[in-house]
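Good morning, colleagues. I should like to walk you through one structure today, beginning with a strand and ending with the spaces inside the protein.

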Amino acid sequence: MILKLITKRKKESCNMKKIKTKANISMANKIYKDMTDSGLKLSFVANREYTLAKDRYTATMHDDYLALSLAVRDRIVERWILTQQRYHDRNVKRVYYFSLEFLIGRLLGTYTLNLGLYEQANNAMDQMGLNLEELRECESDAGLGNGGLGRLAACYLDSMATLAIPAHGYGIRYEYGIFNQKISNGYQVEYPDEWLKLGNPWEFRRPEYTVKVHFNGRTQASRDGNGNFRIDWVDTDDVLAMPYDTPVLGYKNNIVNTLRLWSAIASEDFDLSYFNDGDYERAVYNKMLTENITKVLYPNDNVSQGRELRLKQEYLFTAASLADILRRFKMENSSLLKFPEKAAIQLNDTHPAIAIPELMRKLVDEEGLKWDEAWDITVRTFAYTNHTIMPEALECWPVSLIEKLLPRHLQLIYEINARFLQDVTIKFPCDNERLKRMSVIEEGDVRRVRMAHLCVIGSHSINGVSELHSELLKTKLFKDFYEFSPEKFNNKTNGITQRRWLQKANPKLSSLITEAIGDGWVSDLYQLKRILPLKDDASFRHKWQETKLDNKKSLAGYIYKTTGIGIDTGSLFDVQIKRLHEYKRQLLLSLYIISQYIKIKNDPNHGVSARTFIFSGKAAPGYFMAKLIIKFINSLAAVVNKDKAVGGLIKVVFLENYRVSLAEKIFPASELSEQISTAGTEASGTGCMKFMVNGALTIGTRDGANIEIAEEVGEDNIFLFGLKAEEIREIRSRGYNPQEYIARSPMLQEIIHLIQSNFLTQSELGIFDPLVNNLMYTDYFLICADFEAYCKIQDAVSKAYLDDTDWTKKSIINVARSGKFSSDRAVREYAKDIWDVPVSLMPTQA
């Protein structure tokens, strides 16, 4: 009897445990997996209480943002693990995207949209008395890039995940990103970007994958046990590279790839001998010096210490990334000869070029491969994207610097160069000038290593980023290399992710489009062509106009809140937002604004149409002329905005601290996109695409992607002007004289006289003399030559804007024809033509 009772109680106890276990699993699923409003609420509360140790009374808004972010992250993690397991089990070929910049911006909105959780998150927060949009504003912009290069990298990672391409991004976890910009008395002032100050809920520290990276030292030749000649890199100074992983989520496909960013840490925290002697600063000196490597994005390379630090950054992340890739490869494969069949490495511009000799060092020195085998593997693995033909942007490192920091790599570069020049000599005998032009080593008072040449030689594919740019690579920048190996060269026009720049940034327009044609365009932008017939539907056009007006009102509210400037939402929003550089010609737009100001002042019946000119962008801290242009724009704004005679017809606004989250506010409200770089200088540009997909019309030169936009929309739906690239080359070859063009333009003469008279800055006499002198006597970027043509096309813009119906039709056509400019299309072309990896989601072509 007792035995039966004991058995019965054991069964009851066992059943209770099963019930409790099931209940615990059910609760865990609710907290970590449930995709409903209630599941998110439960997860939010649990994270706020048990992870952050806060309740609803003590939590700040930032705490609530973190709690929601962690709840969303919980729903990403399982998908992330399953994705990586699947890649491993199938031993897939992986794409590795090397970039010194990843301008990923804020992630909470992107993650909720890509998970299909946005409405649930919005409802859950609303039920708890919180506002999702206010919580999203708490997130810091991850400003790990300077502009288009880093933003392109982020778009491509998004597309690779959405297209189910096994991919990893590799870069640097800068402690301080691109500086925060403040405008003080019209001048740019830089402040540190402490984006990690309050923590980053999206990253995972991975100390188990820390890599030791070597610097300095010397090389030592010897023979191994088999009598083979070898070279060792010895007596090095070592730095540890610690990886931090961020998930990259595909759009509603449960694919989660990885962005791995490296942070430098010292191999030893402090020197105990100095510490014991009481020299506490010296004890931690090496730690501080080491961790400076990944402290700041783009150190000032105008000084030798800055140049050395920049090269250290480039080598640290490429060396650590290659070690990581080889570790992963060896887990699944045995023969290094198959490495190119399992790894495709894309070099995003010249910054990661040192990866080429580093892989050779790994294969030859550490793995014992013969040179020819190693070189074949290297060339078949690497591909190179060039992003500029501007000489100052093509990195050239002093031989002496590489010899000091990376002595073994310099030897490898010499050997790569010698073997390459032998091949060139065979194809082009007795052509010493060609050899000089094609050599990796630039001879001169200071011998330099041409990193772009190293990329071309060491890669199986070289691509430009627009049709014009790719043609200029073949006919100008890399002409000799194209003649030597034309099969390497191809074009991959840049693209943007519509999920960030339309769906997320412009929810009102997105909703209107989805209401009309469904949401297939989110993963196949070519489907936007289906709205084309609706341009003739008066009801749809009215909704389109109302949507644009709502976005303009939102931006106007932000402008008033941040600058105190009130603007007319009925005026044309004329926008130029991008990095400040002379070739982008923010000065040209500024001169046009002055011309309109003069017309208003000189003639009461001027006929000038109402416009709000919006600028935003940062200048490199050491770029004097770009910073002076910022001061010029702000001085112009101060004069125009306060002049009652203007009557509010013209307003000029400079929005400080341009960043991804600010761009997301500006693009949806924009109506005219200023893409006015000197023809032949802008490789592609992606800002023009973001404007286009948000319904702005383009005014631009025949440069970069402008040409391809015109091909897509037709020249009746874009405003093109100015000299072509070949015309500019001809003018420069004859000897360009800006005075000739100034003499032909009475308006330009009057503008220059106005600036010289200190009208814009009566309290700071002569500060704009460098701008005027440059215009009158140098004008390298041909502002004077293009000025009259620019004013004429601006007149056409003003006339077109008066016809609401026609302007709206043009706006709809621009959006409908933007399919080509999706990063999904670009990445699909990379995958097929360069990486040789399969993709999903084949779109309907236009």
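**A strand, its cysteines and its spaces**

Let me begin with one contact: Val 95 stands opposite Ala 167 in strand E4. Before going further, I should say that this is a predicted model, in which local features need pLDDT of at least 70 and side-chain atom pairs count only at pLDDT 80 or more, while totals for chains, interfaces and linings use all residues. Residues are numbered from 1 along each chain as its sequence is written, and side-chain values use heavy atoms, with hydrogens and water left out.

A word on names: helices (H or I, at least four residues) and strands (E, at least two) are DSSP runs, numbered from the N terminus. Two strands pair if DSSP finds at least two bridges between them. Strand E1, residues 94–98, pairs with E4 in the parallel sense over four bridges. E4 also pairs in the parallel sense with strand E12, residues 256–266, over five bridges. There, His 168 has Thr 258 of E12 as its bridge partner.

How many residues of E4 are buried? Six of the six, in the run 167–172, are buried, where buried means under 20% relative accessible area, exposed over 50% and partly exposed in between, with a 1.4 Å probe and protein chains only. In a regular strand the side chains alternate between the two faces of the sheet. Here Ala 167, Gly 169 and Gly 171 point one way, whereas His 168, Tyr 170 and Ile 172 point the other way.

I turn now to the cysteines. A disulfide is counted as a pair of cysteine sulfur atoms within 2.5 Å, and the count by this rule is zero. Why does Cys 784 form no bond? Its closest cysteine sulfur, in Cys 791, is 11 Å away, which is too far. Cys 784 is buried, at a relative accessible area of 3%. Cys 430, by contrast, counts as exposed, at 82% relative accessibility.

Next come the enclosed spaces. On a 1 Å grid over the protein atoms alone, a cavity is a set of points where a 1.4 Å probe fits but cannot get out; a pocket is an open set with protein on both sides within 12 Å along at least five of seven lines; and lining residues have an atom within 4 Å of a point. Grid points are joined across faces, edges and corners, and a volume is the space filled by probe spheres set on the points.

There are eight cavities of 30 Å³ or more, and the largest has a volume of about 210 Å³. It is lined by 17 residues, and the closest to its centre are Leu 107, Thr 110, Ala 154, Asp 158 and Val 248. Helices H4, H7 and H21 and strand E11 each give two or more residues to this lining.

The second largest cavity holds about 60 Å³. Among its lining residues are Arg 94, Tyr 96, Arg 328 and Glu 332. Which element supplies the largest share of this lining? Helix H11 does, with four residues.

Finally, the second largest pocket holds about 1200 Å³ of space. It is lined by 40 residues, with Glu 133, Arg 136, Lys 504, Ala 505 and Pro 507 nearest its centre. Helix H23 gives the largest share of that lining, six residues. Thank you for your attention.
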